[in-house]
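The following exchange asks how certain structural labels are justified by their definitions.

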Amino acid sequence: MARRILSLWLPRLATDAWARRRPETAAQPLASVAAERGRLIVAATNRAAERAGVHPGATLADARAVEPGLATFDADPAADAALLDRLAGWALRWTPWTAADGDGLVLDVTGCAHLFGGESGLARDVVERLARTGFESRAAIADTPAAAWAVARYATLSPLGRGWSAGPGEGGPRRAASGNRGTSSPQPSPQRGEGVIIPPLAQRQALDPLPMAALRLPAGIVAALDAVGLRRIGDLHGVPRATLAARFGAEPMRRLDQALGQLDEPVSPHRPVVPHSARLAFAEPISTPDDLARAARHLLDTLCAGLERSQEGARRLELEAHRIDRRPEDAPQTLAIGTGRPVRDPAALMRLFAEKLERIEPGPGIEVMVLAAPVVGPLGALQTGLDGGSDDSGLGELVDRLGNRLGPRSVLRLVPRASWLPERAVAGCPALGVPANQSAPLLWPADRPRPVRLLAPPEPIEAVAPVPDDPPRMFRWRGVAHRVRRADGPERIESEWWRKHGDPRDYYRVEDSEGRRFWLFRQGLYRPDAAARWFLHGFFG
């Protein structure tokens, strides 16, 4: 399947976003300004300012001389970049492979166009949705990112109101792309949105009339090429490559090869593409709880079938619901569930989602739902006994339901931690967190019993021992005296060498006259001038 790329240019992103926040400024001349070398320079303008003669690059003083009523605001490149990033997330409704691209977006629509009535239908849907929310745009689809970028910004495109230009099978004859000779500036931005579809393998015919700046070359190289009469991309074909490289470097031919598809140009996606996902687009928006539940179950069946083929199970699932009235800068409604172990049983996963589906606010309707498994783990076939004794899936489902209902940090499990100190040898982590095989090894020797219950912190006791290194004969804890009948020890435990505090401990396993077993320790080494300090740390049995 041939690769197909949609490039979307948003020529007035900053002013459109400002007008959306302050609708009263939408009809008046508007510009963003930035400080440059002690002067205020116009960074971007809206259509009204452009009609009044204000253009980017002019000083604010000159702009106000041309249009005294010009309204301004401070340019914020970081906010513009963040908005583009959110728009790239919004564009995931058409393809999972989207990315911000300077002053626009790039979408890899390979294999996606037929879901929206062909490439023309997909591109028209994109620009119409942007136009309805106040963003002007120009779109182009070609075989390569570079060709689509150049055509979207420098070719003369068809306005939406007069129909789209298209290749064979896309709803009409292809309209030849052309540029205004002698200029290297992008075409004026459209009123409602424009676009063109470059048929497969036809990018050379579309690119040849365009100016050199359409190859994304630095301004210095464009000026140098113009000085020797190379003003159009098509002019490069008649010049030997070695001659161009010797005079202008490798960049012109590298950019040309990228545009023509002779050199690959990868597109880094807005976010990592998950290995397993399922998507469901509805012919009519849905809004009832029953419809949402049926759609979620259909997505789970599809996703789990893919997980079974790869012998994997989901550890985390994310369900996105896209409303028909969702604004481009808004994130989709997302529900997330986690599991304590890899799972691919659609019924069990549906029970986890059923408790959260009511959080989706459908509004006028949901048009697209996407289910993704960003975290998966290996899951082979489970061998159980005839009596089902080896099947502990019920316990796993209980942990999953409690964790998703109460919160991931409300259900904990103990995992080993690399420390000799008993109170630090294990740590609590969320049951829906990292797999147990990713935790640290347990340092306790297997031949030295440990109590099933520890006191935190250890409680001081009064003990009587005939010899400093002997176990106590009696100890008093919480006002109750215990006579020791049997004892085993000592076992010396010290903290790690990098820990400055803490004396060595001598531990004893003791049993009193009533059969109760305790874990005691003496803190520090024996000193004749100081009384020994004894503590109770845990209980056996």
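Q: Why is Leu402 called partly exposed?
A: Leu402 has 33% relative accessibility. Buried means under 20% relative accessible area and exposed over 50%, with partly exposed in between (1.4 Å probe, protein chains only). Leu402 therefore counts as partly exposed. The model is predicted: local features need pLDDT of at least 70, side-chain atom pairs count only at pLDDT 80 or more, and totals for chains, interfaces and linings use all residues. Residues are numbered from 1 along each chain as its sequence is written, and side-chain values use heavy atoms, leaving out hydrogens and water.

Q: What makes the nonpolar surface patch of about 260 Å²?
A: Leu398, Leu402 and Leu406 make this patch. Patch residues have over 30% relative accessible area and no salt bridge (a side-chain nitrogen of Lys or Arg within 4 Å of a carboxyl oxygen of Asp or Glu), and nonpolar side chains are joined within 5 Å. Leu402 lies in helix 13 (residues 393-406); helices are DSSP runs of H or I with at least four residues, strands runs of E with at least two.

Q: How do strand 2 and strand 3 pair, and over how many bridges?
A: Strand 2 (residues 30-36) and strand 3 pair in the antiparallel sense over six bridges. Two strands pair if DSSP finds at least two bridges between them, so the six bridges satisfy the criterion. Ser32 has Ala44 in strand 3 as its bridge partner.

Q: Which strands are the edge strands of the open sheet ordered 3-2-4?
A: Strand 3 (39-45) and strand 4 (71-74) are the edge strands, because each pairs on one side only.

Key
Patches are made of residues with over 30% relative accessible area and no salt bridge: like charges are joined within 9 Å, nonpolar side chains (Val, Leu, Ile, Met, Phe, Trp, Tyr) within 5 Å. Accessible areas come from the Shrake-Rupley method with a 1.4 Å probe; for residues, only the protein chains shown count as cover.
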